[in-house]
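Q: I'm new to reading protein structures and would like a close look at one part. Could you pick a single helix and walk me through how it sits among its surroundings?

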Amino acid sequence: MAKEEKTAKTAAKTDKKASAPAKEKTPAKEEKAKAPAPAKEEKTAARNYHVAKRPDGKWQVKFAGGEKAIKLFATQAEAIEYAKKLAENQDGSISIHKKDGKMRKQKY
């Protein structure tokens, strides 16, 4: 008898679902669905690249707070030139360090 009760309950549930009116979209909702999403403003943190000398004597360009060097150079001038291009493309800035690691120039 338990099976008969279950089937009767399920039949009653399906009848209720079938008799429920289908939800129609209101005109305002349809307009919102068709309208393109507004462009979101990208809020990116300011990108800062550091030019610093490594213990092995090479000059590196690193992302601020990064552990790995992006690229290595034989001279500081080459590293600065590369960092300038990166900063320009990424709307960032560069910080240049002296040979001893102290700051030489900020926001180049």
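A: Happy to help; here is a walk along helix 3 and the strands around it. Keep in mind that this is a predicted model.

Let's start with the helix itself. Helix 3 covers residues 76–89, which makes 14 residues. From its first C-alpha to its last it reaches 20 Å, close to the 20 Å expected at 1.5 Å a residue.

Now look at which residues are hidden. Gln76, Ala79, Ile80, Ala83, Leu86 and Ala87 are the buried residues of helix 3. If you look down the axis of helix 3, these buried residues fall within an arc of 125 degrees, so they line one face of the helix. There is a simple reason for such patterns: an α-helix has 3.6 residues a turn, so residues three or four places apart point the same way. Turn to the other side of helix 3, and you will find Ala77, Lys85, Glu88 and Asn89 exposed.

What does the buried face meet? The buried residues of helix 3 pack against strand 1 (48–53), strand 2, strand 3 (69–73), strand 4 (93–97) and strand 5 (103–105).

Strand 2 deserves a glance of its own. It spans residues 59–63 and includes Gln60. Gln60 has 12% relative accessibility, so it counts as buried, under the 20% cut-off. Leaving aside residues up to four places away in sequence, Gln60 touches His50, Val51, Ala52, Arg54, Ala69, Lys71 and Leu72.

Finally, go back to helix 3 and follow the chain onward: after the helix comes Asp91, whose phi is positive, near 55 degrees.

Conventions: Residues numbered from 1 in each chain as written. Predicted model: local features only at pLDDT ≥ 70, side-chain atom pairs only at ≥ 80, totals over all residues. Heavy atoms only, no water. Helix = DSSP H or I, 4+ residues; strand = E, 2+ residues; numbered from the N terminus. Buried < 20%, exposed > 50% of the residue type's maximum accessible area, 1.4 Å probe, protein only. Contact = heavy atoms within 4.5 Å. Expected span 1.5 Å × (residues − 1). Arc of directions from axis to C-beta.
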